[in-house]
Amino acid sequence: MKARALKECDHVVSKFAECAKGRTFSVVWTCRFHSKELNECLHKFTNDDVLEEYKKQYILEQVNRQSS
């Protein structure tokens with residue numbers, strides 16, 4: 001789930017990384033827009049509904065594997 005989220009949000013991750021480059025404490029307020037955008041994108045792929053779908057898919061794979 002995490003790998004898929006990072007792949008899907010790669011463009012946003014890149015923007016945030018570019019903003020954060022060379023900064024330490026100031027990244028919190030300087031890059032807050034990019035951070036918010038990144039969190040919103042990641043949340044689309046890492047929420048409870050998505051987790052439930054992964055669980056269902058996993059269970060179906062296990063059932064299919066056992067019946068084979």
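## A guided tour, starting at Cys41

Select Cys41: with 9% relative accessibility, Cys41 counts as buried, because buried means under 20%. Before you go on, remember that you are looking at a predicted model.

**Stop 1: the partner of Cys41**

Keep Cys41 selected and add Cys9. These two residues form a disulfide, and their sulfur atoms are 2.0 Å apart. If the word is new to you, a disulfide is a covalent bond between the sulfur atoms of two cysteines. The link between Cys9 and Cys41 joins distant parts of the chain. Cys9 sits in the loop between α1 (2–8) and α2 (10–20), while Cys41 belongs to helix α4 (residues 32–45), and 32 residues separate the pair.

Now turn the view until you look at the S-S bond of Cys9 and Cys41. The angle about this bond is -95 degrees, and the link is left-handed. Is Cys9 buried or exposed? Its relative accessibility is 0%, so Cys9 counts as buried.

**Stop 2: the other disulfide**

How many disulfides does a search of the whole structure find? The search finds two. To see the other one, select Cys19 and Cys31, whose sulfur atoms are 2.0 Å apart in a disulfide. Cys19 is in helix α2, and Cys31 is in the loop between α3 (27–30) and α4, so this disulfide ties together parts that are 12 residues apart in sequence.

Look along the S-S bond here too. Its torsion is about -95 degrees, so the disulfide of Cys19 and Cys31 is left-handed. Next, check how much of each cysteine can be reached from outside. Cys19 has 14% relative accessibility and counts as buried. Cys31, with 0% relative accessibility, also counts as buried.

With both links on screen, count the bonded cysteines along the chain. The disulfides follow the pattern 1-4, 2-3.

**Stop 3: two helices side by side**

Hide the side chains and show α2 and α4 as ribbons. The axes of these helices come within 9 Å of each other and cross at roughly 155 degrees. That makes α2 roughly antiparallel to α4, because angles over 145 degrees count that way. The crossing of α2 and α4 is left-handed.

**Stop 4: a meeting of α1 and a residue far along the chain**

Select Ala5, which you will find in helix α1. Ala5 is buried, with a relative accessible area of 1%. Now add Thr46 and draw a distance between the two C-alpha atoms. Ala5 and Thr46 are 41 residues apart along the chain, yet their C-alpha atoms are separated by 6.8 Å.

Try the same exercise with Glu40, a residue of helix α4. Glu40 has 46% relative accessibility and counts as partly exposed. Draw a distance from the C-alpha of Glu40 to that of Glu53: these residues are 13 apart along the chain, and the separation is 19 Å.

**Stop 5: the start of α5**

Move to Asn47, in the loop between α4 and α5. Asn47 is buried, with a relative accessible area of 19%. Show its side chain together with the backbone of the residues that follow. Which backbone nitrogen does a side-chain oxygen of Asn47 reach at the start of α5? That oxygen comes to within 3.0 Å of the backbone nitrogen of Asp49. Then look at Val50, whose backbone nitrogen lies 2.9 Å from a polar atom of the Asn47 side chain.

**Stop 6: along α5 to its last residue**

Select residues 48–67 to light up helix α5, which has 20 residues. From its first C-alpha to its last, α5 reaches 29 Å, close to the 28 Å expected at 1.5 Å a residue.

Finish by zooming in on Ser67, which lies in α5. Is Ser67 buried or exposed? At 60% relative accessibility, Ser67 counts as exposed, because exposed means over 50%. Display its side chain and look back towards Asn64: the side chain of Ser67 reaches the backbone oxygen of Asn64 at 3.1 Å.

How values were computed: Residues are numbered from 1 along each chain as its sequence is written. This is a predicted model: local features need pLDDT of at least 70, side-chain atom pairs count only at pLDDT 80 or more; totals for chains, interfaces and linings use all residues. Side-chain values use heavy atoms; hydrogens and water are left out. Helices (H or I, at least four residues) and strands (E, at least two) are DSSP runs, numbered from the N terminus. The expected span of a helix is 1.5 Å times one less than its number of residues. A polar contact is a pair of N or O atoms within 3.5 Å; within protein, one must be able to donate a hydrogen and the other to accept it, and residues adjacent in sequence count only if both atoms are side-chain atoms. A disulfide is a pair of cysteine sulfur atoms within 2.5 Å. Buried means under 20% relative accessible area, exposed over 50%, partly exposed in between (1.4 Å probe, protein chains only). Axes are lines fitted to C-alpha atoms, for helices over the stretch in contact, and angles run from 0 to 180 degrees between N-to-C directions. Angles under 35 degrees count as roughly parallel, over 145 as roughly antiparallel, 65 to 115 as roughly perpendicular and the rest as oblique. A crossing is left-handed if the near helix is turned anticlockwise from the far one by less than a right angle, and right-handed if clockwise.
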